[in-house]
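Student: I'd like to go through how two chains meet. Can we take it step by step?

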2 protein chains.
Amino acid sequence: MDKGYQVYFNMKYPQTLEQLKECFKLFPGIGEKNAERLALFSLYDLDDEQIKIFSNNLTKLKKNIKKCKICNNLTEDNDICTICDDKNRDKEVICVVENVKNLMSFENANVFNGYYHVLGGLISPLDGISPNDININQLINRIENENIKEVILALNSSVEGETTSLYISKLLDNFDVSVTKIASGIPVDVDMDYLDPMTIQKAMEGRNKIS
Amino acid sequence: MDKGYQVYFNMKYPQTLEQLKECFKLFPGIGEKNAERLALFSLYDLDDEQIKIFSNNLTKLKKNIKKCKICNNLTEDNDICTICDDKNRDKEVICVVENVKNLMSFENANVFNGYYHVLGGLISPLDGISPNDININQLINRIENENIKEVILALNSSVEGETTSLYISKLLDNFDVSVTKIASGIPVDVDMDYLDPMTIQKAMEGRNKIS
């Protein structure tokens, strides 16, 4: 093909569309093909109103969403979150979680009526996360200043989760508070054939007397 | 649990974050969990500059991106696309494709140096798409007004694609132009074990004499 035309080995979409595709690629789990699909969908299938709402929500996001100053949950229009703001909950129990996503899962399970504390991470020397990098001191302050009777550690049972739970429970030895940890074991409705050895080990270790 | 606290059977994130999550859910292949992940990533992991670029590209998208008035490819800052604007290509051949994504695939394969025509869909009575709903008349105008020697039909080999190809080739009977259709057969580098019967049928029907 020797007609002197421009060779597009890597033809790109028009600039704004190409840039939008690159924006989508910033997200976890979104690769080249998916980003192309999402960008084209934005152009062809979202109407002007939907684009406007999407764009506005992105723009307002970091300005509107803050951390609750008591527990580090997310909050909007208020210094404290809807949970901390609810005076009818059990003031004597705090459930410690790693992040907001976990808090939402626990709250939506509707099995806990105390308050939460979001650490914002787990102790992980390999990742350079020390106890000071997560909201442990703030938790201790709450124990000191409020009449907390029980602290429930609801962190995941990874090495980092166990390390963090141990660290916190040791700090809380100094206080007149009961420290409990949620149970590890076999999940509900999972075929026993597919369990990993670690989970089985924890399930055995945590066995309870039934008669 | 009778302490009178508010029961969150379906606790939501703060409003702006919840709305952003709903925006992500508008996209194909993005469900509840994925949308939650993308919204949280927007909050925690995109910096202000990235949010601004993302938001701006969304806002400018429909205003900046237009259809090429010759071939319906996408274009920005110009009435005609970069391909139609390239005078060094083969003016005697038009390759007809269904959509811009297909055009990009063909162009990036770097095997064609003529011009394109994007139909913007396929004839599909079941979906209410008639020949007048796609850019067929515009294609005929191009054949009438330019010195086109060959029209290559590069539509997919579905029922709708075949119908559309047949319709166009019949219209072009009236013109002194060669109409060709890209080959159907077994894809390159695909294990023959996994081919469907329709593909095998087409591969057999399209067999060529080699000696």
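Tutor: Sure, and keep in mind that this is a predicted model. A polar contact is a pair of N or O atoms within 3.5 Å, where one must be able to donate a hydrogen and the other to accept it. Between chain A and chain B, 15 residue pairs are in polar contact, both residues being at pLDDT 80 or more.

Student: What makes a salt bridge, and how many are there across the interface of chain A and chain B?

Tutor: You'd need a side-chain nitrogen of Lys or Arg within 4 Å of a carboxyl oxygen of Asp or Glu. By that rule, zero turn up across this interface.

Student: Which elements of chain A give two or more residues to the side that touches chain B?

Tutor: Helices H1 (15–24), H2 (32–44), H3 (48–64) and H4 (100–109), plus strand S2 (74–76). H3(A) brings the largest share, 13 residues. By residue type, that side of chain A has 35 nonpolar, 19 polar and 14 charged.

Student: How much area do chain A and chain B bury between them?

Tutor: About 6,700 Å², with 67% of it on carbon and sulfur atoms.

Student: Why is the relation between the chains called a two-fold axis?

Tutor: A turn of 180° and a shift of 0.1 Å along the axis lay chain A on chain B with an RMSD of 0.1 Å. That is the two-fold relation. In chain A, A:Ser55 comes closest to the rotation axis, its C-alpha at 2.4 Å.

Student: How do you know that the copies meet through the same surface?

Tutor: 100% of the interface residues of chain A are also interface residues in chain B, so the surface is the same.

Technical notes. Residues numbered from 1 in each chain as written. Chains lettered and ligands numbered in written order. Predicted model: local features only at pLDDT ≥ 70, side-chain atom pairs only at ≥ 80, totals over all residues. Heavy atoms only, no water. Buried area = accessible area lost by both parts, 1.4 Å probe. Polar contact = N/O pair within 3.5 Å; in protein donor to acceptor, adjacent residues only side chain to side chain. Helix = DSSP H or I, 4+ residues; strand = E, 2+ residues; numbered from the N terminus. Nonpolar A, V, L, I, M, F, W, Y, C, P; charged D, E, K, R; others polar. Least-squares fit on C-alpha atoms with pLDDT ≥ 70 in both. Contact = heavy atoms within 4.5 Å.
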